[in-house]
Amino acid sequence: MQDLIHEYSAAIRNAAARKVPLRVCGGGSKDFYGGSLAGDKLEVAGYRGIIDYEPAELVISARGGTPLTEIEATLRDAGQMLAFEPPHFGSATLGGCIASGLSGPRRAHAGAVRDFVLGIRLLDGRGDDLRFGGRVMKNVAGFDVSRLIAGSLGTLGVITEASLKVLPLSAAETTLRFEKSTAEAIALMNAWAGRALPISATCHHGNLLSVRLSGAAAAVHAAHQQLGGEEIADAAAFWEGLREHALDFFRTSQPLWRLSLKSTTPPLELSGTQLIEWGGALRWLASDANPQTIRAAASAGGGHATLFRADNKSAGVFQPLSPALMKIHRELKQAFDPAGIFNPGRLYPDF
Amino acid sequence: MAVQSIEIKRQHAVVGALAAFLPSHALLYEREDVRPYECDGLSAYHQLPMVVALPETTEQVQRILRVCFELGVPVVARGAGTGLSGGALPRGDGVLLSLAKFTRILDIDPPARTARVQCGVRNLAISDAVAAHGLYYAPDPSSQIACTIGGNVAENAGGMHCLKYGLTVHNIVGLQAFTIEGEPLAIGGAGLDAPGYDLLALLTGSEGLLAVITEITVKLLPRPSRAQCILAAFDDVAQAGQAVTAIIAAGIVPAALELMDRLTISAVEPFVNAGYPLDAAAILLCEADGMDAEVTAEIARLETILDANGASEIRISQNEAERVRAWAGRKAAFGAAGRVSPDYYCMDGTIPKKALPQMLTAIAALSQQYGLRCMNVFHAGDGNLHPLILYDANRPGQLEQAERFGHDILRLSIKAGGTITGEHGVGIEKIDAMCEQFRAPELGTFHRIKAAFDPRALLNPGKAVPTLQRCAEFGRMHVHAGQEKFPALSRF
């Protein structure tokens, strides 16, 4: 396996010397996401396999090319899970999961990918084989490069290995459904999040609010008693559909926007259809509305808008950064990838 | 460490530039006035700062930074000065930037469960301010009465409840900061993520090397309906370590899971009268919180597991007073160390939980070897060790012996697959141990990240990340053939 690291490293050095862009590719499941896909493919899915997993440590270490399904099956056998519920969108790998930084329905309650990344092994733009963080929960030695890499879309380096914190599966789970307007649902999701309830996911679409409770049986039962609502039968399929964007809402020909906002932001007055997750903090919008209007609405909500899926991405995928932040982004890019070869244009057109 | 002397001419120039906009009470430079700033919580290291600036507005912070950038003056930011790694140790050629006056809570948003606070607000003051809404700020470092949220972000502070509720990095959503050039940065936002690189995570735990943080938006959590504590005594420390593993393996993530050894128990008991069993080799304190029925169920499971793993005695708190009493001893451990010994040296290594028993055995052997007592207090649930090495600085050679003892523990932590610091930071204290944890290429990356924010290396230089020269002099650099590529890197 170490041969592959040498092989990738040589390919990177070669590309850097010739200033030829590389398009880092794991499972290719998220090719739709982000800006341009420029450069020669650097296939890294071959470096795969679980390296170390001891359930009592609550940590799993695996190679970047390991299919997420393999990791999840291993964890499930030991009664554990990736609590950030990453979407797969196809044949996802661990490396791609971390690089894209996408988290699923449990995110508002359990945390995001970056919250669970404890350590990474990375090939930077010089082809150097680097290790940051580790396999322990608490580690403040050196800058937190592991978390910086999460969500950087492969623009800073190739993730060859990662260690993640894992959590026990919930002993009990149930999903309650309520008929609520968008405004009512936003108010309720925020009010409930302010109480000690075992809520693990929320979703509002149309006039239906779905709330998943996960935890000890006693807690789930008590919370159900407090909240009321109608228990639904095929809940696992529903949450899976939300996580993988397989629900009808996501089968749209309109551009799909992802608005990450303050959870209490009132219903957005934008054309198109909406689906709300994360206790109100994530709003999916299928809309042909003017991108400027959508981005302005996101800013007003204390957040940002991403053009998540679209044929035409000329409006830019990610919300533009302030000049001061963009300067630091460029400097960081330069620090990790001085020849500018990794995934140019995937995150921002500038680099 | 050699103490730097202060160059009077330089001092006058810097004071002159700062006095143009800072009122006289916000600018200290007389020896007796700057003396209180000569050290932080790690008092073994001290150094008088050339100048202390105590700004009251963010505009003043910005102007101070601009002046320092232009004049090439190093800047060390300081909150309450409770840090345990010397991160706020001043420089004799620098400005100590005290942010103690930024104590305002700017906004509390109960429905969104966030609070926007200035960097000098004390950790516990946040929870106090939001208590009426049934909310609290989760990270609870033991210094939470005094430490500031700005310092917590700089160190990525943890505490007793981070196994379940996370570290500072998991509990903040936004920052306002200034670069050394005085450029304002708005990082994160009101949502759960932000576009671009995760600078919020990068700045958290960056020990004042990248930017000066002036404002933080923290996440607030609902106060659990109930918390209950279980105390288990063990005749053997290793057995207590195994019980910790068994609890986690059973799928329980307790709100807190702490271990104290016999020396600690005997030191704290006369101090707090918590009723700890003095004959135990170790005790575990384990807390369950959440909904009423959930806590009852979890405590019952914990009792079964602790019993099955050889606990000689199990006590369950029957009311809030008993719970608070059970924790009082743990919270007083550092204070007790100061009572039973003239000085103590607190370590902060983190190791995989499975290595706990062997680490305890190794520490006992080192204690014999160095002839110094060591109290063991652990955040057992996440493998974060706080061995307190007891020594007497007035006895020649004891500080050096304590430091050597501590360094041996850090080396063992690295060997066990862990880290030299779980929550206290590297600061000046563990700067040489960094040479053992990281190789030259990783240190090179850290230096480049630093340069991306602070090209002239003026923010807290000399802390957190050792220069390669320093590591070479220290003689423990993991240098492999062909990997020493950054000989020309500037020092910071």
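Angles over 145 degrees between helix axes count as roughly antiparallel. In this predicted model, helix 8 of chain A, spanning residues 217–227, packs against helix 10 of chain B, spanning residues 292–308, at an angle of about 170°, and helix 8 of chain A and helix 10 of chain B are therefore roughly antiparallel to each other. The axes of these two helices lie 7 Å apart. On the side of chain A, the contact involves A:Ala218, A:Ala219 and A:Ala222 of helix 8, which meet B:Ala293, B:Glu294, B:Thr296 and B:Ala297 of helix 10 of chain B. The residues of this contact comprise five nonpolar, one polar and one charged.

A second pair is formed by helix 11 of chain A (residues 323–336) and helix 16 of chain B (residues 440–453), which pack at an angle of about 155° with their axes 9 Å apart, so that helix 11 of chain A is roughly antiparallel to helix 16 of chain B. The crossing of these two helices is right-handed. Helix 11 of chain A contributes A:Ile328, A:Glu331, A:Leu332 and A:Ala335 to the contact, while helix 16 of chain B contributes B:Arg448, B:Ile449, B:Ala452 and B:Phe453. Six of the residues in this contact are nonpolar and two are charged, with no polar residues.

Within chain A, the assignment gives domain 1 (2–168) and domain 2 (172–309), whose C-alpha centres are 27 Å apart. Contact between these domains involves 12 residues of domain 1 and 15 residues of domain 2; on the side of domain 1 that touches domain 2, six residues are nonpolar, three polar and three charged.

Definitions and conventions: Residues numbered from 1 in each chain as written. Chains lettered and ligands numbered in written order. Predicted model: local features only at pLDDT ≥ 70, side-chain atom pairs only at ≥ 80, totals over all residues. Axes fitted to C-alpha atoms, helices over the stretch in contact; angles between N-to-C directions. Helix = DSSP H or I, 4+ residues; strand = E, 2+ residues; numbered from the N terminus. Parallel < 35°, antiparallel > 145°, perpendicular 65-115°, else oblique. Contact = placed C-beta atoms within 7 Å. Nonpolar A, V, L, I, M, F, W, Y, C, P; charged D, E, K, R; others polar. Domains from an automatic or database assignment. Left-handed = near helix turned anticlockwise from the far one by under 90°.
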